[in-house]
Amino acid sequence: MTERTISGERARNRIVVADDDADILDLVVYMLTQAGFEVEGVTSGVAALAAIEADPPRLAILDIMMPGMSGIEVLRKVRASETVGDLDVILLTARTRDADVDTGFAAGASDYVIKPFSPRELLKRVNGVLDRGAW
């Protein structure tokens, strides 16, 4: 899958999704688009950071293990940014150890979802994070 933007009806609800697994990326992009979000799907951490900085979304969903730059590295760069430092970020990953979860939250994750995941549960988590936000 190549990087692409899929528009939903509410640009204000833009979400960047980064995962190097094309099947997972397609599933998450489809699910969020069907829920009415504008979704940009990318396949690397570098592309995720570029998309976040170019047009700040309301939320980012990041896989941890990606080529070039991990989701944790992207999250740390986001948190250090003056312009997007308060962005909500959900980590979506196969890393299940307590130390991995602790590292994700210590880096500033808003939530941590473990693969395999239920699309319905991920959508609940997305809505929960967005409901807690100041939008």
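Buried means under 20% relative accessible area. By that cut-off, both faces of strand E5 are covered in this predicted model: Asp88, Ile90 and Leu92 are buried on one side, and Val89, Leu91 and Thr93 on the other. The protein averages a pLDDT of 90, and 89% of the residues score at least 70. The points below cover confidence, strand E5, the nonpolar cores, helix H4, the salt bridges and Met65.

**Confidence**

- Mean confidence peaks in strand E4 (residues 59-62), at 98, and is lowest in strand E1 (residues 4-6), at 39.
- Over residues 1-11 the pLDDT is below 50. Beyond near neighbours in sequence, this stretch has 29 contacts in the model.

**Strand E5 and its pairing**

- In a regular strand, side chains alternate between the two faces of the sheet.
- In E5, 6 of the 6 residues are buried, so the strand is largely enclosed by the rest of the structure.
- E5 runs parallel to E4, and 4 bridges join the two strands.
- Ile61 has Ile90 of E5 as its bridge partner.

**Nonpolar cores**

- Nonpolar side chains tend to be buried together in soluble globular proteins.
- The largest nonpolar core has 25 residues. Ile52, Leu62, Val74, Val78, Val89 and Leu91 have the most contacts inside it.
- Two or more residues of this core come from each of E2, helix H2 (45-54), E4, helix H3 (71-80), strand E5 (88-93) and helix H4 (98-107).
- H2 gives the largest share of this core, 5 residues.
- A second core, separate from the largest one, has 20 residues, including Val28, Leu92, Leu122 and Leu130.
- Leaving aside residues up to four places away in sequence, Val78 touches Leu49, Ile52, Val84, Gly85 and Leu87.

**Helix H4**

- Asp100, Val101, Gly104 and Ala107 are the buried residues of H4. Seen down the helix axis they fall within an arc of 130°, so they line one face of H4.
- The face turned away from that buried side carries Asp98, Asp102 and Ala106, which are exposed.
- The cover over the buried residues of H4 includes H3, E5 and strand E6 (111-114).
- Gly108, just after H4, takes a positive phi of about 115°.

**Salt bridges**

- Side chains of opposite charge can pair when their charged atoms come close.
- The whole structure holds 9 salt bridges.
- One of them joins Arg14 and Glu38, with the closest N and O atoms 3.6 Å apart. This pair links distant parts of the chain: Arg14 lies in strand E2 (residues 10-18) and Glu38 in strand E3 (residues 37-42), 24 residues apart.
- Arg14 has a relative accessible area of 5% and is therefore buried. Glu38, at 12%, is buried as well.
- Arg14 and Glu38 also belong to a network of salt bridges that takes in Glu40 and Asp55.
- Asp100, one of the buried residues of H4, forms a salt bridge with Arg95 (3.5 Å, N to O). Asp100 is buried at 10% relative accessibility, whereas Arg95 is partly exposed at 32%.
- Glu121 and Arg125 meet in a salt bridge of 3.0 Å, N to O. Both lie in helix H5 (residues 119-132), 4 residues apart, about one turn of the helix.
- Glu121 is partly exposed, with a relative accessible area of 33%. Arg125 is partly exposed too, with a relative accessible area of 27%.

**Met65**

- Met65 sits in the loop between E4 and H3 and is partly exposed, at 43% relative accessibility.
- Not counting residues up to four places away in sequence, Met65 touches Asp20, Ala94 and Arg95. Arg95 is the salt-bridge partner of Asp100 described above.
- Met65 and Asp21 are 44 residues apart in sequence, and their C-alpha atoms are 9.9 Å apart in space.

Methods. Residues are numbered from 1 along each chain as its sequence is written. This is a predicted model: local features need pLDDT of at least 70, side-chain atom pairs count only at pLDDT 80 or more; totals for chains, interfaces and linings use all residues. Side-chain values use heavy atoms; hydrogens and water are left out. A salt bridge is a side-chain nitrogen of Lys or Arg within 4 Å of a carboxyl oxygen of Asp or Glu. Buried means under 20% relative accessible area, exposed over 50%, partly exposed in between (1.4 Å probe, protein chains only). pLDDT is the predictor's confidence in each residue, from 0 to 100. Contact means heavy atoms within 4.5 Å. A nonpolar core is a set of buried Ala, Val, Leu, Ile, Met, Phe, Trp, Tyr and Cys residues joined through side-chain atoms within 4.5 Å. The arc is that of the directions from the helix axis to the C-beta atoms. Two strands pair if DSSP finds at least two bridges between them.
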